[in-house]
Amino acid sequence: MADSGPISFARGAPSYDIVNVEGLRSATRAAAEGELKWATPYGSAAGFEPLREWIATRHGVDPTRVLVTNGSMQADAFLFAELVSPGTDVVIESPTYDRTLLGLRECGATLHAVDLESDGINIEALRSLIEDGGVRPALAHILPTFHNPAGCTLSLAKRVALLEIAAEYGITVFEDDPYIDIRFTGEPLPRLLDLDKSGSVVYASSFSKTVCPGIRVGYLVAPQELAAAITTRALNTYISPSMLAQAVVYEFCASGEFERSVATVKAALAERVAVLSASLRERLPEAAFVEPEGGYFLWVEFPQAIDSLHLTAAAKERGVIVTPGTEFTVDGGKHAVRIAYSGVGASEIDEGVARLADAYHSLAQ
Ligand SMILES: Cc1ncc(COP(=O)(O)O)c(C=O)c1O
C-alpha cells in the first residue's frame, strides 16, 4: 500500500483546489472599492441589503422574509431558540446532521427520530408517530436534498406527502438545504419552500458549499412574522452580521462567479463520487450505500458484526479518517460510517478506500 499521509474523509468542506479563489479575490476587491461608509458602521440585523435582495429574487420571495446570517448554523440556532424550548416535540431524521442534534439537544427538545429510506424520510413512520403515537411535533428538521450524512434525496411524492402532513398537523418544516446546487446527475426537484402552500416551511441555505465555508455566510427564508422575530433576535445577539463578508458574497454572486464556482465544485465532486463508488464496490463489496446524485457525502452500511467505532479506530490507525455513524443518530448508526468526499482529491480516494477496506478486513476476520 502506498505510504502517503493521512487521508481525511471527515469534514464536509471543499478542498482548496475547488474553491474559486480568483473569483473571491476579485469579489473582495470589488466590495472594498470606493467609499466604505456602508461597511464601517453597524449594518442591518437582517444582513447586507443587496445580498438579501439577491437571495429574495432567487427564491421569488419578499426580501422581508430573508435573513442573512453568519453561516446557516447561525440561522439554525436562531430558529431553534425561537421555536424550541425544553420538552418541545421535534422530528429529526435518522441519521441526521450531527450539529442539528447538538443544537436541538441544547434547547432541551424531545427528539423523535424517523428513519431515512433511500428516497428520504419514511413518511408512513412519520404519520404513525403522529396518528398512532399521539406525538404533536412543533418542528420537523428535514434535509431533503443530498442529505448529510446519508447522501439520499427526498422524492417528489414524499415532498408532497410531507407538506400535507405538516399542513394538517401545524408542523413547521425546517428545510436545511445547503447542498441543492451541487447536483451532478438526475433531474432537479422543487424545494419544499417552492411547493409549500400553507406557510409551513422555513428554509435555510448557505454559501459554505458553493463559495467557501470560511466566509461564514448563510441565510434563512421564513414566513414574514417569524422572520421579523428572528431579526429581532439577531439584533439582540450581535446587532448585525459582518457587512464586509456579505458584500463579498454579493459581488461574487452578482458578477457570475457563483455559477462558475458551482460548475467547478460539481464537476470535481461528480468525478470523486464516481471513483469512490467504484472503489467501494470493488474493495468492500460487503458494504451497502446509496450513490448520491449530488452533495458532499456518502453513507456506508456495514454488516451487523462490524462496530462503527471499532472500524473508525482501525481506519485511523491505517491513515484514513471516516466518521462513525453513531455521531449522526440518537441511538443508531452502529454499523455505518459517513464518508465526506468533498475534501479529498480523486487521486487519493482509492487509496483511502483501500485503507478502510484493510481496517474492515482486520475486524471481519
Ligand atoms: C445540513 C447542514 N446544515 C448546515 C450546515 C452548516 O452550514 P454553514 O457553514 O453555513 O454554517 C452544514 C454544514 O456542513 C450542513 O451539512
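This passage looks at a strand, the ligand shell and one glutamate in the structure above. The model is predicted, so local features need pLDDT of at least 70 and side-chain atom pairs count only at pLDDT 80 or more, while totals for chains, interfaces and linings use all residues. Residues are numbered from 1 along each chain as its sequence is written.

Start with strand β3, residues 89-94 (strands being DSSP runs of E, at least two residues, and helices runs of H or I, at least four, both numbered from the N terminus). Of its 6 residues, 5 are buried (20 or more other C-beta atoms within 10 Å of a residue's own, with C-beta atoms placed from the backbone), so β3 is largely enclosed by the rest of the structure. Strand β4 (residues 110-117) pairs with β3 in the parallel sense over 6 bridges, where pairing takes at least two DSSP bridges. Within this pair, D89 sits opposite T110 of β4. With β6 (residues 139-142), β3 also runs parallel, joined by 2 bridges, and here V91 faces A140.

Turning to the ligand, 13 residues surround it, and G71, M73, S206, S208 and G218 come nearest; a residue counts as near if its C-beta atom, placed from the backbone, lies within 6 Å. Helix α3 (residues 71-83) gives the most to this shell, with 3 residues.

Finally, E348 lies in helix α12, which spans residues 346-364. This glutamate is buried because 20 other C-beta atoms lie within 10 Å. E348 is 344 residues from S4 in sequence, yet their C-alpha atoms are 9.0 Å apart in space.

Note on methods
A residue is buried if 20 or more other C-beta atoms lie within 10 Å of its own, exposed if 12 or fewer, and partly exposed in between; C-beta atoms are placed from the backbone.
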